[in-house]
Amino acid sequence: PFIDSVATISVTPQTVQCEVNSYTKDNQPIDVSYNVLYVKPKDDIANTVIRYQGKPYETFASPKINDAFKAVAGKYTASEFVTKREMIRRDFLENAKLATVNTEDNKAVIDILDTPITNVQFDPEYTTAIKEKQVAQQNAQKATYVLQQAQVDAQSAVAKAKGEAQALTVKAQAIARSPQVVRLNEIEKWDGHFPLNAKVIG
């Protein structure tokens, strides 16, 4: 047979940017952007050219990866898309790899290296609800702190009052036992100056 054309197939890693609309486990609509980093199988280039016209991603993998993401999205709640993004990425990657295996020959059409999720956009009403919840939580935490601080201040005031009361009790008892303590208090309060009309005897 004669060769009438030559197809150039890149076997270097390629990145495709994708967008998909889906629903979470709690039925929240989400618009998601993700990347697919993949390479064409080096040991099966001939099959790639013949069966997929050299474009295995476009002709076979793309819709199946989208479906794989939708299946994964249905396993997680909207809030988990915020708190468990890395877990979802790993789950998506595993499912995308399985989805791109052609069951006719049990071979992977492309070798997927990673599927990072780059952005998740929630319904505007849900986003507003999240913000309001965060504000409410912050206000509750602030109120709790203020209450705790007030309790600490109150306890300090009580302790101080008790201390002062005990000091007065001790002092009263001392005065009762020794009237000279009164003279001692006067000496402690004296500023070192005699009254202007005082007479010095001597």
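In the predicted model, strand 1 and strand 2 form a hairpin in which five residues lie between the two strands, and Asn27, located in the turn, has a positive phi of about 60°. Strand 1, which covers residues 14-23, pairs with strand 2 in the antiparallel sense over 10 bridges. Within this pairing, Gln14 stands opposite Tyr38 of strand 2.

The hairpin belongs to a protein with six helices and six strands, whose order along the sequence follows the pattern β-β-α-α-α-α-β-β-β-β-α-α. The protein has 202 residues, of which 25% count as buried, and its accessible surface comes to about 14,700 Å², with 55% of that area belonging to carbon and sulfur atoms. When contacts between residues at least 6 apart in sequence are considered, 64% join residues at least 24 apart.

A search of the whole structure for aromatic pairs finds six. One of them is formed by Tyr34 and Phe92, which adopt an edge-to-face arrangement with 4.9 Å centre to centre and 85° between the planes. This pair links distant parts of the chain, since Tyr34 lies in strand 2 (residues 29-39) and Phe92 in helix 4 (residues 85-99), 58 residues apart. Both Tyr34 and Phe92 are buried. The rings of Phe122 and Tyr126 form a further pair, with centres 5.4 Å apart and planes at 50°, so that this pair is classed as tilted. Phe122 is buried, its relative accessible area being 12%, and Tyr126 likewise counts as buried, at 17% relative accessibility. Tyr34 and Phe92 also belong, together with Phe69 and Phe81, to one aromatic cluster. In addition to the ring pairs, the charged end of Lys64 sits over the ring of Phe60, at 5.1 Å from the ring centre.

Charged side chains of opposite sign were examined next, and the count of salt bridges comes to five. Glu80 forms a salt bridge with Lys84, in which the closest N and O atoms are 3.4 Å apart; Lys84 counts as partly exposed, at 32% relative accessibility. In helix 4, the side chains of Arg90 and Glu86 meet in a salt bridge with an N to O distance of 3.7 Å, and because these two residues are four residues apart in that helix, they are separated by about one helical turn. Arg90 is partly exposed, with a relative accessible area of 45%, and Glu86 also counts as partly exposed, at 41% relative accessibility.

A salt bridge between Arg89 and Asp114 brings the closest N and O atoms to 2.6 Å, and this pair links distant parts of the chain, with Arg89 in helix 4 and Asp114 in strand 5 (residues 111-114), 25 residues apart. The two partners fall into separate accessibility classes: at 18% relative accessibility Arg89 counts as buried, whereas Asp114, at 23%, counts as partly exposed, because the limit for a buried residue is under 20% relative accessible area. Through salt bridges that share partners, Glu86, Arg89, Arg90 and Asp114 are joined into one network.

Notes: Residues numbered from 1 in each chain as written. Predicted model: local features only at pLDDT ≥ 70, side-chain atom pairs only at ≥ 80, totals over all residues. Heavy atoms only, no water. Phe/Tyr/Trp six-rings, centres within 6.5 Å; stacked < 30°, edge-to-face > 60°. Buried < 20%, exposed > 50% of the residue type's maximum accessible area, 1.4 Å probe, protein only. Lys NZ or Arg CZ within 6 Å of the ring centre and 35° of its normal. Contact = heavy atoms within 4.5 Å. Areas by Shrake-Rupley, 256 points an atom, 1.4 Å probe, with all protein chains shown as cover. Pairing = 2+ DSSP bridges. Salt bridge = Lys/Arg side-chain N within 4 Å of Asp/Glu carboxyl O.
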